[in-house]
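Student: Could we go through this model together, asking at each step what justifies the words we use?
Tutor: Gladly, let's have it in front of us and begin.

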Amino acid sequence: MRLTPAARRDQLLDVGAALFAAKPYDEVLMEEVAERAGISRALLYRHFSSKRDLFAAVHQRAADQLLVEVGDLGAGPLTEQVAAGLDAHFDHFLANRNLVLDANRVLANDPVVQAVITGEFAVLQRRLLDAAGVDGPLASAAVMAWLGFVRVMCVEWLEHDVLDRVELRDLCVRALLGALAVPSIPHSA
């Protein structure tokens, strides 16, 4: 079936997303991507010059979709907004466990993949600063450090199941409140 270049790219991103979610990066083969898409490897390589390029594009699309999902968390208290945003991220991370682990382990030093994470962090940083009603270099640095903390904790959670989901969310919320010196919330049972 002949598709427009944009439609073909979307199809390849869909196939890539399914494979990178189901398998670790090292087990995904470009030949399998082409086969599942019903195209030749040559056509696949016209759209993505390498598996890393396909992964980065899949990761970028997933990050963009996640940012849309958590774009409007309401006008409630900061703790509720952050908890809702974390829950959306946790859902995404569970559904895309291998993609998340690969971006943070296998391709952790890849500049293109890290640019996706850095871009997502910048958007989330601004949203959190706005929601908290704080600004300035110290608050900006604290929020960026907190995003890194959440990232590390989520990777640990996905890899080792060190906390349950509620414990992880509560820990992350308390860490942000502490970093911003916002009044604390009670611990969830």
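**How the helices meet**

Tutor: Val82, Leu86, Phe90, Phe93 and Leu94 in H5 meet Trp146, Val150, Cys154, Trp157 and Leu158 in H8, where contact means heavy atoms within 4.5 Å. This is a predicted model, in which local features need pLDDT of at least 70 and side-chain atom pairs count only at pLDDT 80 or more, while totals for chains, interfaces and linings use all residues. Residues are numbered from 1 along each chain as its sequence is written, and side-chain values use heavy atoms, with hydrogens and water left out.

Student: What makes H5 oblique to H8?
Tutor: Helix H5 (residues 78-95) and helix H8 (residues 137-160) pack at about 40°, with axes 11 Å apart. The axes are lines fitted to C-alpha atoms, for helices over the stretch in contact, and angles run from 0 to 180 degrees between N-to-C directions. Angles under 35 degrees count as roughly parallel, over 145 as roughly antiparallel, 65 to 115 as roughly perpendicular and the rest as oblique. The angle of about 40° falls in that last group, so H5 is oblique to H8.

Student: And why is H5 called oblique to H9?
Tutor: H5 and helix H9 (residues 165-180) cross at roughly 135°, and their axes come within 10 Å. That angle also belongs with the rest, so H5 counts as oblique to H9. On the H5 side the contact includes Leu78, Val82, Leu86 and Phe90, and on the H9 side Leu168, Cys172 and Leu176 are among the partners.

Student: How do you know that the chain has nine helices and zero strands?
Tutor: Helices (H or I, at least four residues) and strands (E, at least two) are DSSP runs, numbered from the N terminus. The elements run α-α-α-α-α-α-α-α-α along the chain, giving nine helices and zero strands.

**Cysteines and burial**

Student: How do you know that the structure has zero disulfides?
Tutor: A disulfide is a pair of cysteine sulfur atoms within 2.5 Å. A search of the whole structure finds zero of them. For Cys154, the nearest cysteine sulfur is that of Cys172, 5.6 Å away, so by the cut-off Cys154 is in no disulfide. Cys172 is likewise in no disulfide, with the sulfur of Cys154 as its nearest at 5.6 Å.

Student: Why are Cys154 and Cys172 called buried?
Tutor: Buried means under 20% relative accessible area, exposed over 50%, and partly exposed in between (1.4 Å probe, protein chains only). Cys154 has 1% and Cys172 has 0%, so both fall under the buried cut-off.

Student: What makes Gln114 count as buried?
Tutor: Gln114 has 18% relative accessibility, so it is buried. Gln114 is found in helix H7 (residues 111-132) and touches Ala103, Leu107, Ala108 and Arg151, not counting residues up to four places away in sequence. Over the chain, 43% of the 189 residues count as buried.

**What the record says**

Student: Which residues does the "DNA-binding region" annotation cover?
Tutor: The unreviewed UniProt entry gives residues 29-48. UniProt positions are in the numbering used here, feature names are shortened, and annotations may be inferred rather than shown by experiment. In the model that span is 75% helix and 0% strand, with its end C-alpha atoms 13 Å apart. The same record annotates "domain: HTH tetR-type" over residues 6-66, a stretch with 79% helix and 0% strand.
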